[in-house]
Amino acid sequence: MSPQLSLLPKTFIPFLPFRCPPLTRLRSAVAARTMTSQSNQRVFQLRQDPLTGTSEWIVIDENDEAGAPVTSTDGLLATTSYLDMLNDSRRNRAYRLAIEKTITKPCHVLDIGAGTGLLSMMAARAMGDKEESRVTACESYLPMVKLMRKVLHKNGMTKNINLFNKRSDELKVGSDIASRADVLVSEILDSELLGEGLIPSLQHAHDMLLVDNPKTVPYRATTYCQLVESTFLCNMHDLQSNEARISDGVRLAPPGLESLFGIKSQQYSMHVDAIEKEIKLLSEPVKVFEFDFWKRPESNGELDVHIEAINEGSVHAIISWWVLQLDSEGTISYSTAPRWIESNSEISARDWCDHWKQCVWFTPGAGVSISKGEKVHLHAAHTCTNILYNLKKAHEMTHSSFSTGELLLTLPPERVAIYGDSIYRQSIFEATRNALQGKSDAQCLVIDDSLLLPLTALHISNGSRVISLSPGLQENAARYLEAIADSNGFSEDRFEYFRDGKAKLTEAFPSKIDLLIGEPYYYGLESGLPWQNLRFWKDRTLLDPVLSKDAVVMPYKGVLRGCAMYLPDLWKSRCCLGSVEGFDHALVNTTLGGCGDLPSGKESPCLPFFVWQCGETKKLSKEFTVMEFDFSKPIAGPCSGEVQIEFTKPGVCHGIALWMDWVMDKENSIVISTGPDERYWKQGVKLLGKPVAVGVEGLSSIGIKASLDPSSNGELIITHTLC
């Protein structure tokens, strides 16, 4: 249930957050360092202040009492997808049936990545309370170990299961465990299948921890793919084609310099069902790789297959998924296939869930054009952690090589799509032009990680000089912007990447900056809550000494906006647990960030989602403003806002979607919204304590309060009251 970090040094574990796409799995933590003594284990975990970008180490101690203020794990695990996974009833039932079918007598069972201990308890129950029955569970993340101990105690399973706070490759036969295990149960799978360390974990288990020919649950996993045409997906990587249709005079990906900028060659997880109507299928599903859990897997593999097109079009992307065969006979399965596949298969459709999605591999450029009946050549390969594709026309067949993303600068697909969006580009262009009006020799400071703003400012004003901080992209942005300046016709003396940081900037440019700007965009915060980009306000405050008397700040202000939502699928995936396949999990609800049935005074966390991908959704109110942040002035102290939401449609309200609108100018004439209708941005979702009927004879309004104290941890606190 947890990723295995088996290839990493034992003294320092970069924290790969659990159960979600990269950078979203554990949003408050970046790294964890483990220290062990004879009597106690302690983890130092890095937590980031969203307003400043600075980090601090917090201590998680094995002996901490629940609720201790410094070491509480509530905040760490509430932003993971563990709860979503445990609410996936089809997954839970499939594992239970397979375990009961596979484990029919007392034996030694090994559970790798045990999480809350659900699979361990299933295995122990299947064997019965007999002396020969043994379950060895390993879980590497201390906060989850502490939670699992409580779950085992609550369910009377402490004597049946031996829990180790270790990675599986740290277990030793003869010291930790008396003998090799007869059965392996595990769930160390991500949306791509391999990203949580499945292959190295299985390799080590077969080499060092399992008997020959062990039984395993799951038994096998098979990956599939399908060629598709989709303008939406094409826009997420083909910036060059989109820029060719934009007339603002700026080129982030000019012809001939494609290697400077792009997205990584990897699979990206998303809910493709949400764009089903925007997808044209160009092939039948194709079986790609099989991974047998019951034998030692190879680290690398390659496969060549010819695919016949079923429709004419351009292959913009390859959508992939996997099917899990949990028992050796193949009667118990679980699939992450898109809805259009499951509707034509024998495997029943699963409920919407967020912990496993489909994956998208983008084909280069504008895609590969094919005719109906034409055959194309797909070369697939896998490493220990990734599956890669290369698609070519049949007449282009040569030995295929894979791009590993060796670009000068890489950005997430959503950011590439934003930079290729003509409406967004026009808004940025007009706002920058207005800000520069009357400033012929302006000193312009770009304080975020924007790539578009420096080039736009240079293009609009021939006499302006642009200084960029790029706090997240850093040297990569510097090399990129320096390389791209010439192709856009800008001399080197008009652009500077300031390498010495904000503190030195106040010494170098006292009262000399005429224009301080940002989109705002901070690299690495794309998967976080939208108001984390209020870091712009904090940076603007710190840099107040460099501003000239009549300096312009852009955006002029930020506005926290919201809308009441019908979100039944998201609610079901995040609701509080009771019994999970016969095991009481109620005590994990607060720690894992559940909604509904929480203790008095506890609220579910606000979490980031692409609302349009959250299954069935509907707006129940008009969009409303909660509070505003005035960037023309430095932060003066704590600020707050509140609003009473009036419902405009009857229905069931599950939560509030919240986002930031960026007002670019003082006149409020240019506003960039990141709301649910803008599909390249995530929104924050605050789920209610329980779903409530609204409108007509139901609830008439909900009160929302928000507060921000920049002197504390920089978090925006959001609460609600039912009226």
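**Exercise 1.** Which residues does L560 touch, not counting residues up to four places away in sequence?

*Solution.* This is a predicted model: local features need pLDDT of at least 70, side-chain atom pairs count only at pLDDT 80 or more, and totals for chains, interfaces and linings use all residues. Residues are numbered from 1 along each chain as its sequence is written, and side-chain values use heavy atoms, without hydrogens or water.
- Apply the contact cut-off: heavy atoms within 4.5 Å.
- L560 then touches W531, F624, T625, V626, M627, F629, L658, W659, M660, A706 and L716.

**Exercise 2.** Place L560 in the largest nonpolar core.

*Solution.*
- A nonpolar core joins buried Ala, Val, Leu, Ile, Met, Phe, Trp, Tyr and Cys residues through side-chain atoms within 4.5 Å. Buried means under 20% relative accessible area (1.4 Å probe, protein chains only).
- The largest core has 116 residues. L560 is among those that touch the most other members, with L233, F261, L445, L451, W531 and F629.
- Helix α13 (residues 475-487) gives the largest share, 6 residues. Helices are DSSP runs of H or I, at least four residues, numbered from the N terminus.
- A second, separate core has 92 residues, including V135, L142, I177 and V183.

**Exercise 3.** Is S230 buried or exposed?

*Solution.*
- Locate S230: the loop between β10 (220-229) and α7 (231-235).
- S230 is buried because its relative accessibility is 1%.
- List its contacts: I275, E278, I279 and H316, not counting residues up to four places away in sequence.

**Exercise 4.** What does K154 touch, not counting residues up to four places away in sequence?

*Solution.*
- K154 lies in helix α5 (residues 142-154).
- K154 touches D584 and L587.
- The C-alpha atoms of K154 and H585 are 8.4 Å apart, across 431 residues of chain.

Technical notes. Helix = DSSP H or I, 4+ residues; strand = E, 2+ residues; numbered from the N terminus. Buried < 20%, exposed > 50% of the residue type's maximum accessible area, 1.4 Å probe, protein only.
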